[in-house]
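User: I'd like a close look at a single part of this model, please. Walk me through that part and its surroundings step by step, and explain each term as you go.

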Amino acid sequence: TKVIIMKKAKRFLLIPLLFFLCFALTACGKRNNQNVYQKVRENKQIIWGVRADTRLFGLTNVKTGKIEGFEIDLAHALTKQMLGKDATASFVTTTANTRIPLLKNGNIDAVLATMTITPERAKQVDFSKPYFPAGSSLLVPDNSKIKSVKDLNGKTVLAVKGTTAVDDVHKFAPKARVLQYDDYGQAMSALKANQGVALTTDNGLLAGIAQENPGYKLVGGVYNNAPYGIAVNKGQKDMVDHINKALDQLEKNGTYDRLIKKWFAGIPGFSLKGVLK
């Protein structure tokens, strides 16, 4: 008898649990399927996924606790251009591993975080037009004889594990030896210790490293194009269209060029020629 009662009790407990799960899944589905542009227009707010550890693009100011950089300023400008002067831009810190899951879960409305447009990522998200002409470049000491990626053949170049720059070097300088490090701090320390003749990664990231390390410069321009785009959840055409329209307007009214000059002018070896609109 006790067994029968316990089975009935478990059955009655499962019923409300199933109702709860169905409700949660339905709510989650609605959140992920909603029109993001309509939501941000109603809320007068866009929640941007950004970097907080990337100099010049998005870096936390230790004094103020606020994230500062080109992408942060661009997010503010895009928000007001899309939604009006009284609209606000909010920020959620993301990493390369968390930005797409946060987007998929509806925690953020768009990703503006040094995200390279790739065919693989385009299967999961929709991209805006490119907003920064990123690509692999080289950072060398001021007195270096390295002029381009072809000069790396037969020499040792430094890179960070998991970056596209590793494959890029092998493609353009097949006889170069590549030493890989866990992060840019370690790779830069190796360059200072003459363990390699150059450090390679995206030009914008190298610009930030050069700004922080006097005595080093970018050379060779961009040897493999990998532009950054703003990512939104798959199927959010309205949001992409309005972001693209806003980018066009910021380029036409001079806001884009002003922000580029603010953050990238005067960095040794970084050419504004291919970046300014």
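Analyst: Let's start on the outside of helix H8: the face turned away from its buried side carries the exposed residues Lys237, Lys245 and Lys252. Here "exposed" means over 50% relative accessible area, "buried" means under 20%, and "partly exposed" is in between, using a 1.4 Å probe and protein chains only. Helices (H or I, at least four residues) and strands (E, at least two) are DSSP runs, numbered from the N terminus.

A word on the background: this is a predicted model, in which local features need pLDDT of at least 70 and side-chain atom pairs count only at pLDDT 80 or more, while totals for chains, interfaces and linings use all residues. Residues are numbered from 1 along each chain as its sequence is written, and side-chain values use heavy atoms, leaving out hydrogens and water.

Now for the helix itself. H8 runs over residues 237-252, and its 16 residues should span 22 Å at 1.5 Å a residue; the end C-alpha atoms are 23 Å apart, which agrees. (The expected span is 1.5 Å times one less than the number of residues.)

Turn H8 around to find its buried residues: Met239, Val240, Ile243, Asn244, Ala246, Leu247, Leu250 and Glu251. These cover an arc of only 165 degrees around the axis, which puts them on the same side of H8. The arc is taken from the directions that run from the helix axis to the C-beta atoms. A general rule helps here: an α-helix has 3.6 residues a turn, so residues three or four places apart point the same way.

What lies over that buried side? The cover includes helix H2 (36-43), helix H3 (70-83) and helix H9 (255-264), along with strands E1 (45-50), E7 (125-132) and E13 (228-233). A contact means heavy atoms within 4.5 Å.

One of the buried residues, Glu251, also has a charged partner: Lys129 forms a salt bridge with Glu251, and the closest N and O atoms are 3.4 Å apart. Lys129 lies in strand E7 and Glu251 in helix H8, so this pair ties together parts that are 122 residues apart in sequence. Lys129 is partly exposed, at a relative accessible area of 24%, while Glu251, at 18%, counts as buried. Salt bridges that share partners join Lys129, Asp248, Glu251 and Lys277 into one network. The rule for a salt bridge is a side-chain nitrogen of Lys or Arg within 4 Å of a carboxyl oxygen of Asp or Glu. By this rule the count comes to eleven.

Follow the chain past the end of H8. Just after this helix, Gly254 takes a positive phi of about 90 degrees. Next door is H9, which is mostly covered, with seven of its ten residues buried. Those residues are Thr255, Tyr256, Asp257, Leu259, Ile260, Trp263 and Phe264. They pack against H8, H3, E7, strand E4 (67-68) and helix H7 (203-212). Just after H9, Gly266 also takes a positive phi, of about 85 degrees.

H9 has a salt bridge to look at too: Lys262 pairs with Asp73, the closest N and O atoms being 2.7 Å apart. Lys262 lies in helix H9 and Asp73 in helix H3, so the pair ties together parts that are 189 residues apart in sequence. Lys262 counts as exposed, at 52% relative accessibility.

Rings join in as well. Rings of Phe, Tyr and Trp (its six-membered ring) pair if their centres lie within 6.5 Å; planes under 30 degrees apart count as stacked, over 60 as edge-to-face and the rest as tilted. The count of aromatic pairs by this rule comes to twelve. Among them, Phe70 and Phe264 are edge-to-face, at 5.9 Å centre to centre with 70 degrees between the planes. This pair links distant parts of the chain, Phe70 in helix H3 and Phe264 in helix H9, 194 residues apart. Both Phe70 and Phe264 are buried. They belong to one aromatic cluster with Phe57, Tyr131, Phe132, Tyr228, Tyr256 and Phe270.

Finally, step back to the whole chain. The chain has nine helices and 13 strands, and 46% of its 277 residues are buried.
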